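Open your viewer and keep the selection box handy. We will go stop by stop.

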Amino acid sequence: MINNKSKLAQDFWEFGRLDDCYILDFHAHMHYMSGIYFPSHSPEKMIETMKRCNTKLTVFCSHYALYYAGFEEEYNLNEAKRYPDYFLAYHSVIPNRTNYKEAIDRFEKNRQYYFGFKFHADSHATPLTDDAYKPFFEYMNANSLPALLHTWGKSEYNGADVVKKIAERYPNVILICGHSFHDDWKYGAEVARDCPNMMPELTAVMDNCGAIELLCEKVGSDRILFGTDLPWFDTHHGIGAVLSADITDDDRRNIFYRNGEKLLKI
C-alpha cells in the first residue's frame, strides 16, 4: 500500500526513483562470497542499481578485504580508484592480522578514496574493546574519523554495551552502528541517544516493522544513516521501507542524504 502521508512515497511509487531526494548508502560490500548467490556483486552491477535508485555515492568494504588480510589494495582501494564518482572505501581492520603501520600509510596516501575504517568484530570473534583494535581507534580519535561497526543484539563482541565503552573512550570517532544493534532495538537506541558520536545505520533494520520509528523517536532522524548491505539486499527495498515507515518526509530526507552530507562535507 502506498503511504498517502508521504509525497516522497507517492513519487517513488509513480516514477521508481526520487530525483529531488538522492541516496547516500553508508553500508555496502562488493564481490563474490562463497556459498551465496549475488546477482549484483560486481562494481559495475552495483553502479547499475545505484543509477536506477538515484544513489549518489556508496561506501563499501569488499568481502575479500573484510575477511582476508592482504586483499585491501586489490579489492577495496583499487575498486574505489576505478570508480571514484560512485564509491568510497572503508579500510578493513582484521584484528591481529591487519598491519597498523601499513594500513595507516595506505589510508593517508589514498585519503581521497577512503571514507573511514570497517570493523566486523563478530566475524573475527574479537570484542571491539580488545587491544588489537586500540591503535586504530586512537588514530581515528586523533583525526575525528568515522568507523563502520558491525553491531548486533547483545553480542559480546559488538553489542550495545561494548560499543558504549568505545564511544566513551574515543569521543571523536564517529561510530556508525551498522544494523543498529539488530533485535536489541530499544536498549541500542537508548545507548546511541546518550552517546553523541554514535549514529545508527539501517542495514537489516528495515526487515522489522516499527524499528525505524523507534530509532527516530529515541535517537532522532538527524543522526540516522541509510545503508543497504548491497549486494545482500536491494536498494529499492531499503528505500521502500523508509518511505513506508510512520515518520515525516523531513525525517526521510535526513536519513537518505542530509546526515550523510554532513559526514562527507558536501
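Start in the middle of a sheet. Select Y90 in strand 3 and G116 in strand 4: the two are bridge partners. This is a predicted model, so every value on this tour is computed from it.

**Stop 1: strand 3 and its neighbours**

Now widen the selection to residues 114–119, which form strand 4. Strand 3 and strand 4 run parallel, and 5 bridges pair them.

Next, select residues 55–60. That is strand 2. It also runs parallel to strand 3, and 3 bridges join the two. To find one of the links, pick F60 and look across to its bridge partner in strand 3, A89.

Add residues 100–109 to the view. This is helix 5. Trace strand 3, then helix 5, then strand 4: together they make a β-α-β unit. Is that unit right-handed or left-handed? It is right-handed.

**Stop 2: both faces of strand 3**

Select residues 87–93 and show the side chains. In a regular strand, side chains alternate between the two faces of the sheet. On one side of strand 3, find F87, A89, H91 and V93. On the other side, find L88, Y90 and S92. Are these residues buried or exposed? They are all buried, so both faces of the strand are covered. That makes 7 of 7 residues, so strand 3 is largely enclosed by the rest of the structure.

**Stop 3: the cysteines**

A disulfide is a covalent bond between the sulfur atoms of two cysteines. How many disulfides does a search of the whole structure find? It finds 0.

Select C21 and C53. C21 is in no disulfide. The nearest cysteine sulfur to it belongs to C53, and it is 12 Å away. Now try C177 and C195. C177 is in no disulfide either. Its nearest cysteine sulfur, that of C195, is 8.7 Å away. For a disulfide, the two sulfur atoms must be within 2.5 Å.

Turn on the surface and look for these cysteines. C21 has 1% relative accessibility, so it counts as buried. C177 also has 1%, so it too counts as buried.

**Stop 4: D246 and E48**

Select D246. It sits in the loop between helix 11 (235–244) and helix 12 (249–264). Its relative accessible area is 57%, so D246 is exposed. Leaving out residues up to four places away in sequence, D246 touches K5 and E213. Now add C209. It is 37 residues from D246 along the chain, and their C-alpha atoms are separated by 9.9 Å.

Next, select residues 43–53 for helix 2, and find E48 within it. E48 is partly exposed, with a relative accessible area of 40%. Draw a line from E48 to K154. They are 106 residues apart in sequence, and 36 Å apart from C-alpha to C-alpha.

**Stop 5: the whole chain**

Zoom out and switch to cartoon view. The chain has 12 helices and 7 strands. Its radius of gyration is 17 Å, close to the 18 Å that the globule rule gives for 266 residues, so the chain is as compact as a globular protein of that length. Along its principal axes, the C-alpha trace spans about 55 × 40 × 35 Å.

Colour by burial. Buried residues make up 60% of the 266. Then show the surface: the chain exposes about 11700 Å², and carbon and sulfur atoms supply 49% of that.

Last, turn on contacts. Take those with a separation of 6 or more: residues 24 or more positions apart account for 74% of them.

How values were computed: Residues are numbered from 1 along each chain as its sequence is written. This is a predicted model: local features need pLDDT of at least 70, side-chain atom pairs count only at pLDDT 80 or more; totals for chains, interfaces and linings use all residues. Side-chain values use heavy atoms; hydrogens and water are left out. Buried means under 20% relative accessible area, exposed over 50%, partly exposed in between (1.4 Å probe, protein chains only). Helices (H or I, at least four residues) and strands (E, at least two) are DSSP runs, numbered from the N terminus. Two strands pair if DSSP finds at least two bridges between them. A crossover is right-handed if, with the strands pointing away from the viewer, the path from the first strand over the helix to the second runs clockwise. The radius of gyration is taken over C-alpha atoms; the globule rule is 2.2 Å times the number of residues to the power 0.38. Contact means heavy atoms within 4.5 Å. Accessible areas come from the Shrake-Rupley method with a 1.4 Å probe; for residues, only the protein chains shown count as cover.
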